[in-house]
Amino acid sequence: MPAPLISDVLPDLLEEMVYLARQAGADPLEGQLRALKIESVCDCGDENCASFATAPVVKVANFVELQSMEGQLIIDLNAENEICFIEVLGRPDVKYLLEEYYESASG
Ligand SMILES: [Zn+2]
């Protein structure tokens with residue numbers, strides 16, 4: 001299965017992150033955010049976790065914490081300043097959409 005675009009699976013979360021990244025002074029990330037693909041969903045098993053990898057290799061060198069109204073959103077960047085992982089905690093809305101997408105995709 002090819003990696004889906006975040007704009008297809010989580011369009012609302014994408015707009016929220018773009019908005020919050022601007023607030024955090026990280027607006028140069030907007031172009032990257034809009035092109036992100038969901039490579040794999042975090043398998044830590046935590047009920048609150050809806051995090052996902054956006055690169056085949058996740059090597060976190062830096063991060064941008066967003067001031068989300070609900071839950072916790074953190075953009076993880078690698079040494080090349082490329083987004084490699086999105087930490088999403090305490091966001092049942094995001095978890096629901098991810099589960100729904102992967103269930104329907106697997107038939
Ligand atoms: Zn997790």
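Two strands are taken to pair if DSSP finds at least two bridges between them. On this basis, the predicted model contains an open sheet of five strands, ordered E1-E2-E5-E4-E3, with antiparallel pairing. The edges are occupied by strand E1 (40-41) and strand E3 (62-66); each has a single partner strand, so one side of each is left without a neighbour in the sheet.

Two hairpins belong to this arrangement. In the hairpin formed by E3 and E4, five residues separate the strands, and Gly71 in the turn has a positive phi of about 65 degrees. E3 and E4 pair in the antiparallel sense through five bridges, and Asn62 stands opposite Leu77 in E4. Strand E4 (residues 72-77) is in turn joined to strand E5 (residues 83-89) by six bridges, again with the strands running antiparallel. Along this pairing, Gln72 stands opposite Leu89 in E5, while Glu87 in E5 is the bridge partner of Ile74. E4 and E5 likewise form a hairpin with five residues between them. The loop between E4 and E5 holds Asn81, a residue other than glycine that nevertheless has a positive phi, near 65 degrees. Asn81 counts as exposed because it has 11 C-beta neighbours inside 10 Å, the limit for this class being 12 or fewer.

Helix H2 (residues 11-23) lies across E3 and E4 and runs at about 100 degrees to E3. At 1.5 Å a residue, the 13 residues of H2 should span 18 Å, and the separation of 19 Å between its end C-alpha atoms agrees with this expectation. The buried residues of H2 are Leu13, Met17 and Ala21. Because they cover an arc of only 70 degrees around the axis, these residues are placed on the same side of H2. Such a pattern follows from helix geometry in general: an α-helix has 3.6 residues a turn, so residues three or four places apart point the same way. The cover over the buried residues of H2 includes helix H3 (30-34), E3, E4 and H4. On the face of H2 turned away from its buried side are the exposed residues Pro11, Asp12, Arg22 and Gln23. H2 is followed by Gly25, which has a positive phi near 75 degrees.

The largest nonpolar core comprises 21 residues, of which Leu33, Ile83 and Val94 touch the most other members. Two or more residues of this core come from each of helix H1 (6-9), H2, E4, E5 and H4. The greatest contribution is that of E5, with five residues. Apart from neighbours within four places in sequence, Leu33 is in contact with Leu14, Met17, Val18, Ala21 and Ile83. Among these partners, Met17 and Ala21 are buried residues of H2.

Tyr101 is located in helix H4 (residues 92-105). With 16 C-beta neighbours inside 10 Å, Tyr101 counts as partly exposed, since 20 or more would be required for a buried residue. When neighbours within four places in sequence are left aside, Tyr101 is in contact with Pro4 and Val9. Tyr101 and Val64 are 37 residues apart along the chain, and their C-alpha atoms are separated by 26 Å.

Note on methods. Residues numbered from 1 in each chain as written. Predicted model: local features only at pLDDT ≥ 70, side-chain atom pairs only at ≥ 80, totals over all residues. Helix = DSSP H or I, 4+ residues; strand = E, 2+ residues; numbered from the N terminus. Contact = placed C-beta atoms within 7 Å. Axes fitted to C-alpha atoms, helices over the stretch in contact; angles between N-to-C directions. Core = buried A, V, L, I, M, F, W, Y, C linked by C-beta atoms within 7 Å. Expected span 1.5 Å × (residues − 1). Arc of directions from axis to C-beta.
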